[in-house]
Amino acid sequence: MESDSDLRRLKTFSRGSSILLLLITVLLVMSAATLAIGIAAILIEPSTFTDEFGMTRGQIAVFGIGLVVAMALIAATFAILFSIMRSISREYSPFTAKNARRLTVLSVIFVVIPALLTASVVSGVTDPGAALVIALIAFMPFLLVAATIYMLALVFRYGCFLQRESDETL
């Protein structure tokens with residue numbers, strides 16, 4: 001049957017992808033930690049950074065904390081993708097309630113990340129028009145991705161329902 005072949009291919013792809021996603025997640029966590037240490041060092045001794053970039057200590061704090069949290073959320077995104085791929089490679093069906101919940105969490109993350117990045121960048125911008133443009137540029141693609149991922153989560157929920165119905169019928 002073709003569907004069995006597709007499912008085997010999906011499981012194989014998911015197994016290979018999960019290894020790559022785990023590696024990327026580890027690298028992102030290490031990068032976030034390095035960034036946090038760098039921001040902390042700048043906040044402890046901001047004079048050189050303030051002189052060079054013209055930012056106040058508060059602006060540096062907002063910018064740095066926003067970047068660190070955004071980087072941590074990006075790492076969480078890859079960790080969630082890893083868990084979805086791992087689940088698909090190990091479970092009988094990809095349509096599980098856990099995967100639907102994971103996709104819903106991903107859609108929320110894709111709304112939070114641009115909000116953090118926009119707040120970080122806008123903290124150093126004095127022109128309100130420029131701040132609005134930055135916010136729109138940051139939000140629009142992420143909102144489209146968030147909506148798409150949320151719709152995929154709904155598809156997974158429905159697939160989970162159909163899988164349960166099919167299993168109970170047999």
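Start with the contacts across the whole chain: of those with a separation of 6 or more, 77% are between residues 24 or more positions apart. The model on screen is predicted.

**Whole chain.** Show the chain as a cartoon. Its secondary structure comes to 5 helices and 0 strands, and the pattern along the sequence reads α-α-α-α-α. The chain is more spread out than a compact globule, because its radius of gyration is 21 Å, well over the 15 Å that the globule rule gives for 170 residues. Turn the view to lie along the principal axes, and the C-alpha atoms fill a box of roughly 70 × 30 × 20 Å.

**Surface.** Switch on the surface next. The chain exposes about 10400 Å², and carbon and sulfur atoms supply 74% of that area. Of the 170 residues, 32% count as buried.

**The loop before α4.** Now select serine 93. This residue sits in the loop between α3 (57-90) and α4 (97-122). Is serine 93 buried or exposed? Serine 93 is buried, because its relative accessible area is 7%, below the 20% cut-off for that class. Add glutamine 163 to the selection: the side chains of serine 93 and glutamine 163 are joined by a polar contact of 3.2 Å.

**Helix α4.** Move on to residues 97-122, which make up α4. How far apart are the end C-alpha atoms of α4? They lie 38 Å apart, and this agrees with the expected span, since 26 residues at 1.5 Å a residue should cover 38 Å. Then colour the buried residues of this helix: Asn99, Ala100, Leu103, Thr104, Leu106, Ser107, Ile109, Phe110, Ile113, Pro114, Thr118 and Ser120.

**An aromatic pair.** The structure holds 3 aromatic pairs. To see one of them, select phenylalanine 110 and phenylalanine 142, whose rings are 5.9 Å apart centre to centre. Their planes make an angle of 35°, and the pair is tilted. The pair links distant parts of the chain: phenylalanine 110 belongs to helix α4 and phenylalanine 142 to helix α5 (residues 128-169), with the two 32 residues apart.

Compare the exposure of these two residues. Phenylalanine 110 has a relative accessible area of 17%, so it is buried. Phenylalanine 142 has 25% relative accessibility and therefore counts as partly exposed. The limit between these two classes is 20%.

How values were computed: Residues numbered from 1 in each chain as written. Predicted model: local features only at pLDDT ≥ 70, side-chain atom pairs only at ≥ 80, totals over all residues. Heavy atoms only, no water. Helix = DSSP H or I, 4+ residues; strand = E, 2+ residues; numbered from the N terminus. Buried < 20%, exposed > 50% of the residue type's maximum accessible area, 1.4 Å probe, protein only. Polar contact = N/O pair within 3.5 Å; in protein donor to acceptor, adjacent residues only side chain to side chain. Expected span 1.5 Å × (residues − 1). Phe/Tyr/Trp six-rings, centres within 6.5 Å; stacked < 30°, edge-to-face > 60°. Rg over C-alpha atoms; globule rule 2.2 N^0.38 Å. Contact = heavy atoms within 4.5 Å. Areas by Shrake-Rupley, 256 points an atom, 1.4 Å probe, with all protein chains shown as cover.
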